[in-house]
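Could you walk me through this structure in my viewer, stop by stop? I would like to know what to select next and what is there.

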Amino acid sequence: MGAMNPTPPEKQQALVARLTDACGGSYSPETRRKYYITGPQWAAAYEGHAIFHAPTREPISFERVIEEYGKIGIGYWATHDTDVIPSEALGTAKQDEIVARIGKALADNGLKCSMVTTETFHHAVFASSPASESPEIRKYARWRMCNTIDIGHTLGAEFAVYWPGSLGYQVQGAVEETETLKWYAEGLNAACEHDIAVAAKAGRPTLKHCMEAKPFEPAAEILLPTSDAMLAFINSGLLTHPEMVGLNPEYLHELMWGGAPRAALARALTAGKLWHFDINDGYRLKHDVDIAVGLVNPLDWLNVLVLLRSHGYNGPFNLDFKPPRTTSQAGVFGVSFPTAVDRFITLWEMAGEVMEDPILKEAGLALRAGSGIASGDPKVLFEANKELMTLHELIGHRLFQILIGANRGRVYSV
Ligand code: 3MF
Ligand code: MG
Ligand code: MG
């Protein structure tokens, strides 16, 4: 490409918009709304800050986020309590006023609230986690979780999510792990019991309470670092309502510890606990970069969605990514969110193609039918199946072909 004239600031948005249009392949807002895609308040409101980063974007109101989600065709919205209600206003008349404004913004823009979550990691009060040694801090944390349930019912949410990333320690021996887990369970128990009472009064179903694991950050060592650890916790006997508690795995959080997200999801599915799913992307054994879905591991993502489609997963796909610092506020709504949604839908459609692909179907059936030769001799069994097992690699190749569109005739000349 030849040199280009500099693009002055006032022409940059138009350039980005023109090139975004030129990419093509975008779905209409109506099509996007057919999927259970949820947009978190905190993702769109993320200002680009981190330990080493100053913000690159201005604060933004929930009204604006909800309006922009509506225009894009993101049909559902989710929030932490303190994303929208200042800590000091929680539980006051100001909270009621804000919640009413949220309800109006959602209705005006045709969105629904899917999920609410309690921020138990940012405020100084949670320096030693919501399951702190201090009984008064634990009482406050329980109240916060119950207050979030109230907000959820008022807004019509279906899910409550818990991310106990601060449940752990920086210095060894500072917390007693079994005690801390017991105290954390008391918080969840209070939330579930409160939910039962509020739901009965409101004539609504109880919320689905979903735990979200992350292996690193912000605590140095984390007591519930993986979805599997959480499955064990749910079944530990510490919960009074284990049937009300399931999982919200996050794709990158499973990848971060070196796990295979698809296998983690399969274990949650097997346990009947895959209820909510945070979708994003990133790299193994790195920090929580929260890159938008499909930008790093599209082939793995295709496989993840094949698993979820073939098991009839019908919960939310929550866009828990961070628009990069290099993206402007206009870019957050003009590029980040619509392209993330569209990659997700494309991969979901492709997953359907994988399930219908005659080559993959026949290969899968052939592998499952085996050779028809029974024997107690492992050598004979191996010989009887060895040509068939070559199909494993062919399946990998076929998935790559589907990812690049070769199954639809896309070719490259040599
Ligand atoms: C942190 C996260 C969180 C959770 C959120 C909902 C800020 O890595 O992923 O997002 O998703 O707290 O539980
Ligand atoms: Mg998350
Ligand atoms: Mg993350």
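Here is a short tour that begins at the metal sites and ends at the sheet. Keep in mind that this is a predicted model.

**Stop 1: the magnesium ion (ligand 2)**

Select the magnesium ion (ligand 2) and show the side chains around it. Its protein donors are Glu212 (OE), Glu250 (OE), Asp278 (OD) and Asp320 (OD), at 2.0 to 2.1 Å. Along the chain, these donors follow the spacing E-x37-E-x27-D-x41-D. Glu212 and Asp278 link distant parts of the chain, being 66 residues apart. Glu212 sits in the loop between strand S6 (208–211) and strand S7 (221–222), whereas Asp278 belongs to strand S9 (residues 277–278).

Now turn to the angles. The 6 donor atoms around the magnesium ion (ligand 2) subtend angles of 76 to 166 degrees, so the arrangement is octahedral. For reference, ideal angles for six octahedral donors are 90 or 180 degrees.

Are Glu212 and Asp278 buried or exposed? Glu212 is buried, with a relative accessible area of 6%, and Asp278 is buried too, at 0%.

**Stop 2: the bridge**

Next, select Glu250 together with both ions. Glu250 bridges the magnesium ion (ligand 2) and the magnesium ion (ligand 3), and the two ions lie 4.7 Å apart. This bridging residue is buried, with a relative accessible area of 1%.

**Stop 3: the magnesium ion (ligand 3)**

Follow Glu250 across to the magnesium ion (ligand 3). Which atoms coordinate the magnesium ion (ligand 3)? They are Glu250 (OE), His253 (NE2), two OD atoms of Asp288, and Asp290 (OD), at 1.9 to 2.5 Å. The donor residues here are spaced E-x2-H-x34-D-x1-D in sequence. While you have His253 selected, note that His253 is buried, with a relative accessible area of 2%.

**Stop 4: the sheet**

Switch to a cartoon view and colour the strands. You are looking for an open sheet of 8 strands with parallel pairing, in the order S8-S6-S4-S3-S2-S1-S10-S9. Strand S8 (245–247) and S9 are at the edges; each has a single partner strand, so one side of each has no neighbour in the sheet.

Then pick out strand S3 (residues 112–117) and strand S4 (residues 159–162), which pair in the parallel sense over 3 bridges. To see one pairing by residue, select Met115, whose bridge partner in S4 is Phe159.

Last, add helix H4 (residues 62–72), which packs on the sheet and touches strand S1 (37–40) and strand S2 (76–80). The direction of helix H4 makes about 155 degrees with that of S2.

How values were computed: Residues numbered from 1 in each chain as written. Chains lettered and ligands numbered in written order. Predicted model: local features only at pLDDT ≥ 70, side-chain atom pairs only at ≥ 80, totals over all residues. Heavy atoms only, no water. Donors = N, O, S within 2.8 Å, 3.2 Å for Na, K, Ca; no water. Tetrahedral: all angles 85-135°; square planar, octahedral: opposite > 155°, others 65-115°. Helix = DSSP H or I, 4+ residues; strand = E, 2+ residues; numbered from the N terminus. Buried < 20%, exposed > 50% of the residue type's maximum accessible area, 1.4 Å probe, protein only. Pairing = 2+ DSSP bridges. Contact = heavy atoms within 4.5 Å. Axes fitted to C-alpha atoms, helices over the stretch in contact; angles between N-to-C directions.
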